[in-house]
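Visitor: I'm new to reading protein structures. Could you walk me through one, feature by feature?
Guide: Happy to. Let's put it on the screen.

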Amino acid sequence: MSFMQEFKEFAMKGNVVDLAVGVIIGGAFQKIVDSLVKDMLMPVIGKLLGGVDFKHLYLNLGDKTFETMEAAEKAGAPLFKYGVFINSVIDFMIVAMAIFVAIKAMNKLKRDEPAPAPEAPPAEPEDVKLLREIRDSLKK
């Protein structure tokens, strides 16, 4: 079997295709969550905390001072961007919660499905039945 034929069989298996679809949908979902956090949640949280803009929170680890984070980045100053980290943590929490809710819903659907009825045991073969009768009659 050639390498290309083996690869084709591998790539066309259901699990690989399902994984590819999941990665694509996950990437699109991440963009939605990123926008939700950066454009909707963090401005509200910042406003409630006194007008803080989290994406501009940083500590300058260099010797020089700068007016803005952008100016410090352009100058190549070492920065500790804890506001960006807070945004990323909130992104992660939302994605984790969404995945948890989705898996919980799928598990509930699986539990609600009726269990398949157990199969009846196969009928005992006639020769086994006759051998048992012979055994029982010899014991008497």
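Visitor: Let's start simple: how many helices and strands does the secondary structure of the protein chain come to?
Guide: Keep in mind that this is a predicted model. The chain has five helices and two strands. Walk along the sequence and the pattern reads α-α-β-α-β-α-α.

Visitor: Is the chain more spread out than a compact globule, or less?
Guide: For that we look at the radius of gyration. Here it is 32 Å, while the globule rule gives 14 Å for 140 residues, so the chain is more spread out than a compact globule. You can also look at the C-alpha trace, which spans about 105 × 50 × 25 Å along its principal axes.

Visitor: What share of the 140 residues counts as buried?
Guide: That would be 11%. As for surface, the chain exposes about 12,000 Å², and carbon and sulfur atoms supply 67% of that.

Visitor: What part do residues 24 or more positions apart play in the contacts?
Guide: Take the contacts with a separation of 6 or more: residues 24 or more positions apart account for 42% of them.

Visitor: Can you show me a buried residue in detail?
Guide: Try N87, which sits in helix 4, residues 82-112. Its relative accessible area is 6%, and buried means under 20%, so N87 counts as buried.

Visitor: Which residues is N87 in contact with, leaving aside its neighbours within four places in sequence?
Guide: Those are V37, K38, M42, F54 and K55.

Visitor: Which residues does the UniProt annotation "transmembrane region" cover?
Guide: The record, an unreviewed entry, puts it at residues 82-103. An annotation like this may be inferred rather than shown by experiment. In the model, that span is 100% helix and 0% strand, and its end C-alpha atoms lie 31 Å apart.

Visitor: What about charged residues? How should I read those?
Guide: Start with the general idea: side chains of opposite charge can pair when their charged atoms come close. In this structure the count comes to four salt bridges. One of them joins K38 and D34, with the closest N and O atoms 3.4 Å apart.

Visitor: Where do K38 and D34 lie relative to each other in helix 2?
Guide: They are four residues apart in that helix, so about one helical turn separates them. K38 is partly exposed at 45% relative accessible area, and D34 is partly exposed too, at 24%. You met K38 a moment ago, among the contacts of N87.

Visitor: Which side chain does E124 meet in a salt bridge?
Guide: The side chain of R132, at 2.0 Å from N to O. E124 counts as partly exposed at 38% relative accessibility, and R132 gets that label at 41%. There is also a salt bridge between R135 and D136, whose closest N and O atoms are 3.4 Å apart. R135 has a relative accessible area of 43%, which makes it partly exposed, and D136 is partly exposed at 36%.

Visitor: Now the nonpolar side: which residues make the nonpolar surface patch of about 420 Å²?
Guide: L36, M40, L41, I45 and L49 make it. Let's pick out M40, which is found in helix 2, residues 14-48.

Visitor: Why does M40 count as exposed?
Guide: Exposed means over 50% relative accessible area, and M40 has 52%, so it counts as exposed.

Visitor: Is F3 buried or exposed?
Guide: Exposed, at 65% relative accessibility. F3 belongs to helix 1, residues 3-11. Its C-alpha atom is 48 Å from that of E73, and the two are 70 residues apart along the chain.

Visitor: Where does P121 lie?
Guide: In the loop between helix 4 and helix 5, where helix 5 covers 126-139. P121 is exposed, with a relative accessible area of 68%. Compare its place with D18: the two are 103 residues apart in sequence and 37 Å apart in space, C-alpha to C-alpha.

Notes:
Residues are numbered from 1 along each chain as its sequence is written. This is a predicted model: local features need pLDDT of at least 70, side-chain atom pairs count only at pLDDT 80 or more; totals for chains, interfaces and linings use all residues. Side-chain values use heavy atoms; hydrogens and water are left out. Patches are made of residues with over 30% relative accessible area and no salt bridge: like charges are joined within 9 Å, nonpolar side chains (Val, Leu, Ile, Met, Phe, Trp, Tyr) within 5 Å. Accessible areas come from the Shrake-Rupley method with a 1.4 Å probe; for residues, only the protein chains shown count as cover. Buried means under 20% relative accessible area, exposed over 50%, partly exposed in between (1.4 Å probe, protein chains only). The radius of gyration is taken over C-alpha atoms; the globule rule is 2.2 Å times the number of residues to the power 0.38. Contact means heavy atoms within 4.5 Å.
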